[in-house]
Amino acid sequence: SNGKSRSEVKSPSFTFEDIGGQERAKSELIEALDFLVKKEQIAKLGIRPLKGILMAGPPGTGKTLLAKAAAQYTDSVYLAASGSEFVEMYVGVGAGRIRDLFKEARTKAKKDGKSSAVIFIDEIEVIGGKRDGGQQREYDQTLNQLLTEMDGIHANESPRILMIAATNRKEMLDSALLRPGRFDRHIGVELPDKKGRLHILNIHAGNKPLEDDINMESIAEQTYSFSGAQLEAVMNEAAIYAMREDHATIGERHLTMAIDKVMLGEKTDRETSQ
Ligand code: ATP
């Protein structure tokens, strides 16, 4: 963090075009967001207003990017928090932070002259994990506060709040969070296929001096099962290899070494965490 309070952070200008692959997730998200925009139609048809979207899938696949793009698409202010920020030793602190987050969203939207706010909570399972009795009360209060805030969202209020949550462990979520009127729109964000990987690689190659003879198709092929975050790391590591050799451009060789490094890095991480 740069020490600024969340409310001073400028809204990101991040669009769906900046996200590689994920075509299905993008179109499902856009369809849900259009619901938000077509207020009159929604009201006339008596459709329950959209309050919460849940994005589920492996780490590094672009869930945060999608939430930012959603804020941009709906011309909303954007606030982000992680589930772990609400875990505190003292009862009530987490719940207070949830309350503050919603308050801050409304204040910031008014200040910026926006009619809506997107609140993104990553790692939602940390506060919204299944409650099977054994858990601490602190968690319950935090989750209850989130549910209360969500129940308090109204379609016609200004600013209008949209919640977006992300998780890698959808099966762990408490059913109270998934009920109608809460996070009842689910969007799967999966690892990219070859076409998606190529798209993501090209996005991250955009600001880099790549040699002309690089076969990106082949790089996309060799990075099977890589996430977007890993593909970004491949591009970055390749640039570092080029720099080490005092090369002005990035060659296929650097990319191949970078693929190995990222693959190996992941393996080592997993081995040491077990
Ligand atoms: P986590 O579950 O770990 O929070 P996430 O799904 O929210 O991960 P992001 O934070 O959106 O992942 O992505 C991390 C980084 O990886 C991004 O900043 C971006 O550089 C890169 N990235 C991931 N997915 C994509 C994508 N589809 N297109 C372009 N870049 C991507």
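This tour proceeds through a predicted model, from the ligand site to aromatic contacts, backbone geometry and a few individual residues.

**The ligand site**

Begin by selecting the ligand together with the residues around it. The shell holds 16 residues, and those that come nearest are Gly20, Gly60, Thr64, Asp122 and His204. Colour the shell by residue class: 5 of its members are nonpolar, 8 are polar and 3 are charged.

Next, display the polar atoms at this site. Which side chain has an N or O atom 2.9 Å from a nitrogen atom of the ligand? Selecting His204 gives the answer, for the atom in question belongs to the side chain of His204. Two further distances concern the protein backbone. A polar backbone atom of Thr61 stands 3.1 Å from an oxygen atom of the ligand, and a polar backbone atom of Leu65 stands 3.2 Å from an oxygen atom of the ligand. On its own the ligand has 630 Å² of accessible area, of which the protein covers 79%.

Now switch to a cartoon view in order to see which elements line the site. Two or more residues of the shell come from each of the helices α3 (63-73), α8 (194-205) and α10 (228-244).

**Aromatic rings**

Helix α3 leads to the next stop. The whole structure contains 1 aromatic pair. Select Phe16 and Tyr73 and show their rings: the centres are 5.8 Å apart and the planes meet at 70°, so the arrangement is edge-to-face. The angle decides the class here, because planes over 60 degrees apart count as edge-to-face. Phe16 belongs to the segment before α1 (23-37) and Tyr73 to helix α3, so the pair ties together parts separated by 57 residues in sequence. A surface view separates the two partners. Phe16 is buried, at a relative accessible area of 8%, whereas Tyr73 is partly exposed, at 37%.

Then move to Phe35 and add Arg185 to the selection. Arg185 lies over the face of the Phe35 ring, 5.2 Å from the ring centre.

**Backbone geometry**

Three places deserve a view of the main chain. Most residues other than glycine have a negative phi, and most peptide bonds are trans.

Select Ser158 and Pro159 first. Is the peptide bond between Ser158 and Pro159 cis or trans? The bond is cis, with omega near -5°. Pro159 is located in the loop between α6 (137-151) and β4 (160-167).

Return next to the segment before α1, where Gln22 is found. Gln22 is not a glycine, yet its phi is positive, near 55°. Its side of the picture is an interior one: Gln22 is buried, with a relative accessible area of 12%.

The third place is Ser225, in the loop between α9 (216-222) and α10. Ser225 too has a positive phi without being a glycine, at about 70°. With a relative accessibility of 40%, Ser225 is classed as partly exposed.

**Individual residues**

Select Ser116 in strand β3, which spans residues 116-122. Ser116 is buried, at 8% relative accessible area. Showing Ser76 as well reveals a polar contact of 2.7 Å between the side chains of Ser116 and Ser76.

Continue to Ile98 in helix α4 (residues 93-112). Ile98 is buried, with a relative accessible area of 0%. A distance drawn from the C-alpha of Ile98 to that of Leu177 reads 15 Å, for two residues 79 apart in sequence.

Helix α5 (residues 125-128) contains the next selection, Gly128. Gly128 is counted as buried, at 0% relative accessibility. Along the chain 50 residues separate Gly128 from Leu178, and their C-alpha atoms are 9.8 Å apart.

The tour ends at Asn207, in the loop between α8 and α9. Is Asn207 buried or exposed? Its relative accessible area is 64%, so Asn207 is exposed. Display the neighbouring side chain of Lys208 to see the polar contact of 3.3 Å that it makes with the side chain of Asn207.

How values were computed:
Residues are numbered from 1 along each chain as its sequence is written. This is a predicted model: local features need pLDDT of at least 70, side-chain atom pairs count only at pLDDT 80 or more; totals for chains, interfaces and linings use all residues. Side-chain values use heavy atoms; hydrogens and water are left out. A residue is near a molecule or strand if one of its heavy atoms lies within 4 Å of it. A polar contact is a pair of N or O atoms within 3.5 Å; within protein, one must be able to donate a hydrogen and the other to accept it, and residues adjacent in sequence count only if both atoms are side-chain atoms. Accessible areas come from the Shrake-Rupley method with a 1.4 Å probe; for residues, only the protein chains shown count as cover. Helices (H or I, at least four residues) and strands (E, at least two) are DSSP runs, numbered from the N terminus. Ala, Val, Leu, Ile, Met, Phe, Trp, Tyr, Cys and Pro count as nonpolar, Asp, Glu, Lys and Arg as charged, and the others, Gly among them, as polar. Rings of Phe, Tyr and Trp (its six-membered ring) pair if their centres lie within 6.5 Å; planes under 30 degrees apart count as stacked, over 60 as edge-to-face and the rest as tilted. Buried means under 20% relative accessible area, exposed over 50%, partly exposed in between (1.4 Å probe, protein chains only). A charge sits over a ring if NZ of Lys or CZ of Arg is within 6 Å of the ring centre and within 35 degrees of the ring normal.
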